[in-house]
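Hi,

Here is the model I said I'd pass along. Have a look at it first, and my notes on what turned up are underneath.

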Amino acid sequence: MTTALILIDLMPRIIGLPLAPHSGEEVLARCRALAKSFRASGRPVVLVRVDRPNVAEQPPGSGFADDLVRDGDIVLVKRTIGAFYGTDLDAQLRERGVDTAVLAGLVTTVGVESTARAAADHGYELEFVADAMSGLAADEHEFTIARTFPRFGEVRNTADYI
């Protein structure tokens, strides 16, 4: 089976928020390194961003961070907190024989956690890259990394994949 990297909401308007314990730029740099490693080994990279529903125009900074998406990546736009509901993420992963999802991105307790819970419901094994995600508050991030995510899968760091 295959392991896929799923990167959540790496968008300028979210990267620029006051995040903790890691800045958005730190998370972006680590996610770029992860994506490079996964691509080099032929493993799928999934990039997910959110569009706000029921608005005529998305706020500035709603696209992916510059130079993030590459040919061959799976690119999804979600309209809810998690990446599974209302998208074809599960079908895309199943088509590629994916059984393990490695999650990173922004924000730990919002998009990442919601996607993780849905991935678990869909039967995927989970891994979390603790230093390649960040929260709106350091204590929320640290609690989730230490207490919530270990109940769903393994918690690792970027260096474990590079």
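Val-75 sits in strand β3, which covers residues 74-78. Bear in mind throughout that this is a predicted model. With a relative accessible area of 42%, Val-75 is partly exposed, because that value falls between the 20% and 50% cut-offs. Beyond its neighbours within four places in sequence, Val-75 is in contact with Leu-47, Phe-64 and Val-69. If you want a distance to check in your viewer, the C-alpha atoms of Val-75 and Ser-41 are 19 Å apart, with the two positions 34 residues apart along the chain.

Next, the packing. As a general point, nonpolar side chains in soluble globular proteins tend to be buried together. Here the largest nonpolar core has 26 residues, and Leu-7, Leu-10 and Leu-106 are the ones that touch the most other members. At least two residues of this core come from each of β1 (2-8), α1, α2, β2 (45-50), β4 (98-106) and β5 (125-134). Helix α2 gives the largest share, six residues. Apart from this core there is another one, of 25 residues, which includes Ala-83, Leu-93, Val-98 and Ala-118.

What does Leu-10 touch, leaving aside its neighbours within four places in sequence? The list is Ile-15, Val-27, Leu-28, Cys-31, Val-48, Gly-63, Phe-64, Ala-65, Leu-68, Gly-105 and Leu-106. Phe-64 is also one of the contacts of Val-75.

Now the pocket, which you'll probably want to look at yourself. The largest one holds about 200 Å³ of space. Its lining is made up of 14 residues, and Asp-9, Ile-14, Val-50, Lys-78 and Val-110 lie nearest the centre. Two elements, α1 (12-15) and α4 (108-121), give two or more residues to that lining. By type, the lining residues are eight nonpolar, two polar and four charged.

Asp-9 deserves a second look for its backbone as well. Asp-9 is in the loop between β1 and α1, and its phi is positive, about 50 degrees, although the residue is not a glycine. Asp-9 is also buried, with a relative accessible area of 5%. Asn-54 likewise has a positive phi without being a glycine, near 60 degrees. That residue is in the loop between β2 and β3, and there the setting is exposed, at 83% relative accessible area.

Where are the cis peptide bonds I noted? One joins Ala-20 and Pro-21, with omega about 10 degrees, and Pro-21 is in the loop between α1 and α2. Another joins Leu-106 and Val-107, with omega about -5 degrees. Val-107 is in the loop between β4 and α4, while Leu-106 is one of the core residues with the most contacts to other members.

A couple of polar side chains are worth a zoom. Ser-37 is part of helix α2 (residues 24-40). Is Ser-37 buried or exposed? Its relative accessible area is 18%, so Ser-37 counts as buried, the cut-off being under 20%. The Ser-37 side chain reaches the backbone oxygen of Tyr-161 at 2.8 Å. Setting aside residues within four places in sequence, Ser-37 is in contact with Arg-43, Tyr-161 and Ile-162.

Asp-131, in strand β5, is buried too, with a relative accessible area of 16%. Its side chain makes a polar contact of 2.8 Å with the side chain of Thr-158. Not counting residues up to four places away in sequence, Asp-131 touches His-22, Arg-30, Arg-156, Asn-157 and Thr-158.

Last one: Phe-149, in the loop between α5 (138-148) and β6 (153-156). Phe-149 is a loop residue, yet it counts as buried, at 0% relative accessibility. Beyond residues up to four places away in sequence, Phe-149 touches Thr-108, Val-112, Glu-113, Ala-116, Phe-128, Met-133, Thr-144 and Val-155. The C-alpha atoms of Phe-149 and Leu-126 are separated by 8.8 Å, and these two residues are 23 apart along the chain.

Cheers

Technical notes: Residues numbered from 1 in each chain as written. Predicted model: local features only at pLDDT ≥ 70, side-chain atom pairs only at ≥ 80, totals over all residues. Heavy atoms only, no water. 1 Å grid on protein atoms, 1.4 Å probe; cavity = no way out; pocket = protein on both sides within 12 Å on 5 of 7 lines; lining within 4 Å. Points joined across faces, edges and corners; volume = space filled by probe spheres on them. Helix = DSSP H or I, 4+ residues; strand = E, 2+ residues; numbered from the N terminus. Nonpolar A, V, L, I, M, F, W, Y, C, P; charged D, E, K, R; others polar. Buried < 20%, exposed > 50% of the residue type's maximum accessible area, 1.4 Å probe, protein only. Polar contact = N/O pair within 3.5 Å; in protein donor to acceptor, adjacent residues only side chain to side chain. Contact = heavy atoms within 4.5 Å. Core = buried A, V, L, I, M, F, W, Y, C linked by side-chain atoms within 4.5 Å.
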